[in-house]
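Student: I would like to go through this model with you. Could we begin with the sheet?
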Amino acid sequence: GHLVKTGLNLIYDELEEYNVAFPAIETQNRYTGEYSLGAFANNFKTFNPTVEWFLQDRWEHEGMVVNYGVRWDLFSPGSASEIMLTNEDVDRNVLKYKSQFSPRLGFAFPITERDGFSFSYGRYVQFPARNFLFASQSTVGNLGTLGNPNLKAETTIGYQAGIRHQFTDYLAGTFMIYNRDIYDLIAATQVTDEQTGETLARYINKAYA
């Protein structure tokens, strides 16, 4: 009565962005004296790996169906794992590898010939979009939001339970209740670079839903 399944996914990304606003303008950095093209530029090239593995089992026994398993995710910001902002409230130590185990459970069984009950629980992760991680961290002449390679994954924890009733041979209805919490959603906050005195927005994990 058991059906076991597993899978492994290995991803190695090479990402490059070259984004220049007002390219006819040449800007000089008053701190380094170097010239750059455009009034604002968001340029990066980076490499980052991701590993995904899961194991699950489906068990059927006397009308009851149980699904359970676990998923393991590993993510690294790769070659862009450096925070260039200088601020005593900002931790400049980047966690090179971020991993998380996510258990899953679901089951359903008949109560009577016309009634059934189901329940599911899951924990899910979503790693940040790469433009949040690798956006330019330059505080001089930057009109955008500073990237943050130390962002954590968004985590969702969800529960769901339901009862299904068959009223006739042609009509059935389902009543479901569910709850879902999402942690570490990405937002932005104002931060000042103590080396240049510039204040800009910066991506952080802050919001909850």
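Student: In what order do the 7 strands of the open sheet come?
Tutor: This is a predicted model, in which local features need pLDDT of at least 70 and side-chain atom pairs count only at pLDDT 80 or more, while totals for chains, interfaces and linings use all residues. Residues are numbered from 1 along each chain as its sequence is written, and side-chain values use heavy atoms, without hydrogens and water. The order is β1-β4-β5-β6-β7-β8-β9, with antiparallel pairing; strands are DSSP runs (E, at least two residues), numbered from the N terminus, and two of them pair if DSSP finds at least two bridges between them.

Student: Which are the edge strands?
Tutor: They are β1 (2–21) and β9 (172–183), each of which pairs on one side only.

Student: How many bridges join β5 to β6?
Tutor: Strand β5 (residues 64–75) is joined to β6 by 11 bridges. Within β6, Ser-99 is the bridge partner of Leu-74.

Student: Turning to Ile-111, where is its place?
Tutor: Ile-111 is in the loop between β6 (98–110) and β7 (115–126).

Student: Is Ile-111 buried or exposed?
Tutor: Ile-111 is partly exposed, because its relative accessible area is 48%, and that class lies between buried (under 20%) and exposed (over 50%), with a 1.4 Å probe and protein chains only.

Student: And Asn-205, what does its side chain reach?
Tutor: Asn-205, in strand β11 (residues 199–207), reaches the backbone nitrogen of Lys-152 with its side chain at 2.7 Å. A polar atom of the Asn-205 side chain also lies 2.8 Å from the backbone oxygen of Asp-184.

Conventions
Helices (H or I, at least four residues) and strands (E, at least two) are DSSP runs, numbered from the N terminus. A polar contact is a pair of N or O atoms within 3.5 Å; within protein, one must be able to donate a hydrogen and the other to accept it, and residues adjacent in sequence count only if both atoms are side-chain atoms.
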